[in-house]
Structures are given as C-alpha cells and as structure tokens.
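Hello,

Here is the structure I promised to pass on to you. Have a look at it first, and then read on for what turned up in it.

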Amino acid sequence: MSLLDVSHISYRNEESFVLKEISFTQQPLQNIGLAGATGSGKTTLLKIIAGLIEPTIGAVLFKEERIKGPNEKLLPGHPSIAYLSQYFELRNHYRVQEILDMAKKVADKEAGIIYEVCRIEHLLKRWTHQLSGGEKQRIALARLLVTLPELLLLDEPYSNLDPLHKNILKNVVLDLSEELNITCILVSHDPLDTLSWANEIIVLNEGKLVQQGSPKQVYNNPLDEYTAGLFGKYNLLTPALAKALSQHSDVAMQDIGRFLRPEEFSLTTEGEGLKATVKNVKFMGGYCELVLNTLNSDLILHSHETNITKGDDVYVVL
Ligand SMILES: Nc1ncnc2c1ncn2[C@@H]1O[C@H](COP(=O)(O)OP(=O)(O)OP(=O)(O)O)[C@@H](O)[C@H]1O
C-alpha cells in the first residue's frame, strides 16, 4: 500500500493553472526530492498534500483515505502530515522547552530521542529569541516531530543557513527516516541536497510534472535543458562535437547522451584527444572549471590540473 497517492491534482488561482494534472505515489520511507524553478508550483503542491490548500481538481490519498482540504475542515491540515514552511515562525518570549511542550503528543522518552536527532538538547532552556537561524530551524522541525507525523514535507529547509548549520540539519534530515521512521518530501534549490538524499526525484516545470526518476537517472539523463540546468552545469552537444569526441574516445557515438556533465570529460596528453582551446578558467576550490572552445562550440569541464591558463591548447576525451 502506498503511503501517499497524489492523483490528477490541478490547482487554479485567480489568474491561471499553477498545477496541472500532477500524479505520483510515495511508498513508506521513500525519500522524494521535489525540484523546479521558482514559481513552478512546489510549495503549492506541498500545501495541497498537507491539506492546507484545496485542489481545484483531483485528490490526495494518505493511506488510501482522501485528505480533506480547508473547505471541509475547521482546522486545516492532517494530523499525520507535517509541513515545515520556509517562513516558519517561533513565538518570542517562550523558552524552547515550553514551545515544544505545547505541541508535544509523545511521551518524554520519545521526545528525548527527537531532541537528540534534531541536535537541540542543549537549547531546551534557551529563550526563543536567543537562537541562531539554524537553531530555530531545528526547533521548528522538532516542534513538528513531537506531533508524531508519518509524512514530513520540508519546504526549502536549508535556505538561509550557513554551511555549518546546513550540514547539521542535513544530518538531522538523514536521520529522520532511519531513526524516527518518518517519510519525507524535500524541496531544495541546491541539487546536492536532493541528489544525495532522495530515492526519487520529481521535477516540476510551470506546474507540470516533467520528469520523475532516481537521482542518477534525472542527473545523467535529463529529458530537456530545463531539467539538465536544475541539477548543475551541462553541455548540449552538437552532432559534430559528439562525432569528434566519439572518434577520440572509446565511446560509440550512439552511447553519447545529448547532455554531458562537466565531469564526464577529462584532459589527456597531446594528440590523444580532441584538441580545444581554453577560453576561461575558474578556480572552484577542489577543482577548476574550464571553458574550452572546439569545433565552434564551447565545452565546460572540470579538471584537477591547476596549471592551465586561458589560451592554452588542451586535449579532451570522454
Ligand atoms: N497566495 C498566492 N496567490 C496567488 N498566486 C500565488 C500565491 N502563492 C503562489 N502563487 C503563484 O503560484 C505559482 C506557484 O507558486 P509556488 O510558491 O507554489 O512555487 P514554488 O515552486 O514553490 O516557488 P519558489 O521556489 O519560489 O518557492 C507562482 O506563479 C506564484 O506566483
């Protein structure tokens, strides 16, 4: 039995359709990453799943029961589905422990495990106005978890966090399924957040579901430039370039995809690869991003060589 069954959901606001015919299912403990450009409908979809917005057409089933929207309920929302908004608020002038106690539906022992998973045990006595953004985020999450949700919808939880706090929260999110048996849908604009975490990625474009698959499928075989671009830099190969690369590499022409990621190329010694001229070099920390020109096309690739400069001739293979 699916945990969640999103069935033919469309949503129309005053102006136009924001979501069009969205359908997918989610199994218990399956991590789904929701990707899409700004305004593609991710938040609206999460809010419909949470029972906070009424869909115009379609239904969402949670454990085979239809989720009621706000038109049918005095207090919108579903008791087993928690939605963490990117604009969450914590009331001022309360201690963290009080905020959590107000929401808590679990025994102290379970609550202790949740506080441990959320890395907030040391913050319980603090006032809510004495917390950093990252700490507030983890407390807002813990406040939802103590209501015992089975499905957690995380709407850009990592935005506005510095790398340190983001990493702590990412570890918390990783532990949710393993230690607390919670199934999640996560929205993030950073492909690294979803690719490394999700079992399945769903891509929205202008309210439509345009691609669905494992992180590897979506990253390596995007169906179009929109999806390719959501998950990082890419090269769209011309037939001439694909042919030349195939001749210089051990890869047959028909096995070369339309979109190639920068790390799919490497540099080789003179005469062994396709000759290209370096147009630009960017130092990225662990590697350099090179823009090369060959056969009237630009190619972006990643290299660990640090002594390459603009104007150099290099040799590329797949
Ligand atoms: N309260 C609202 N009233 C009317 N239109 C809205 C409202 N909220 C969002 N929209 C519109 O619905 C569309 C989808 O918005 P939504 O917030 O779901 O997108 P999103 O993918 O979550 O975007 P972002 O990544 O910027 O958060 C957008 O065109 C937006 O302008």
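To begin with the overall layout, the centres of domain 1 and domain 2 are 39 Å apart, taken over C-alpha atoms. Please keep in mind that this is a predicted model. Domain 1 covers residues 4-230 of the protein chain, and domain 2 covers residues 235-317.

There is also a record for part of the chain: UniProt, in an unreviewed entry, places the feature "domain: ABC transporter" at residues 4-231. That span is 32% helix and 25% strand, and 26 Å lie between its end C-alpha atoms.

Next, the ligand. Its surroundings are made up of Asn13, Val18, Gly36, Thr38, Gly39, Ser40, Gly41, Lys42, Thr43 and Thr44. Eight residues of this shell are polar, one is nonpolar and one is charged. Which element gives the largest share of the shell? Helix α1 (residues 42-49) does, with three residues.

Finally, I would point you to strand β6, residues 81-84. Are its two faces covered or open? Both are covered: Ile81 and Tyr83 are buried on one side, while Ala82 and Leu84 are buried on the other. The split between odd and even positions is easy to follow, because side chains in a regular strand alternate between the two faces of the sheet. Strand β6 pairs with strand β7 (residues 151-155) in the parallel sense, over four bridges. One place to look for this pairing is tyrosine 83, whose bridge partner in β7 is leucine 153.

Enjoy exploring it!

Best wishes

Definitions and conventions: Residues are numbered from 1 along each chain as its sequence is written. This is a predicted model: local features need pLDDT of at least 70, side-chain atom pairs count only at pLDDT 80 or more; totals for chains, interfaces and linings use all residues. Domain bounds come from an automatic or database domain assignment. A residue is near a molecule or strand if its C-beta atom, placed from the backbone, lies within 6 Å of it. Ala, Val, Leu, Ile, Met, Phe, Trp, Tyr, Cys and Pro count as nonpolar, Asp, Glu, Lys and Arg as charged, and the others, Gly among them, as polar. A residue is buried if 20 or more other C-beta atoms lie within 10 Å of its own, exposed if 12 or fewer, and partly exposed in between; C-beta atoms are placed from the backbone. Two strands pair if DSSP finds at least two bridges between them. UniProt positions are given in the numbering used here, feature names are shortened, and annotations may be inferred rather than shown by experiment.
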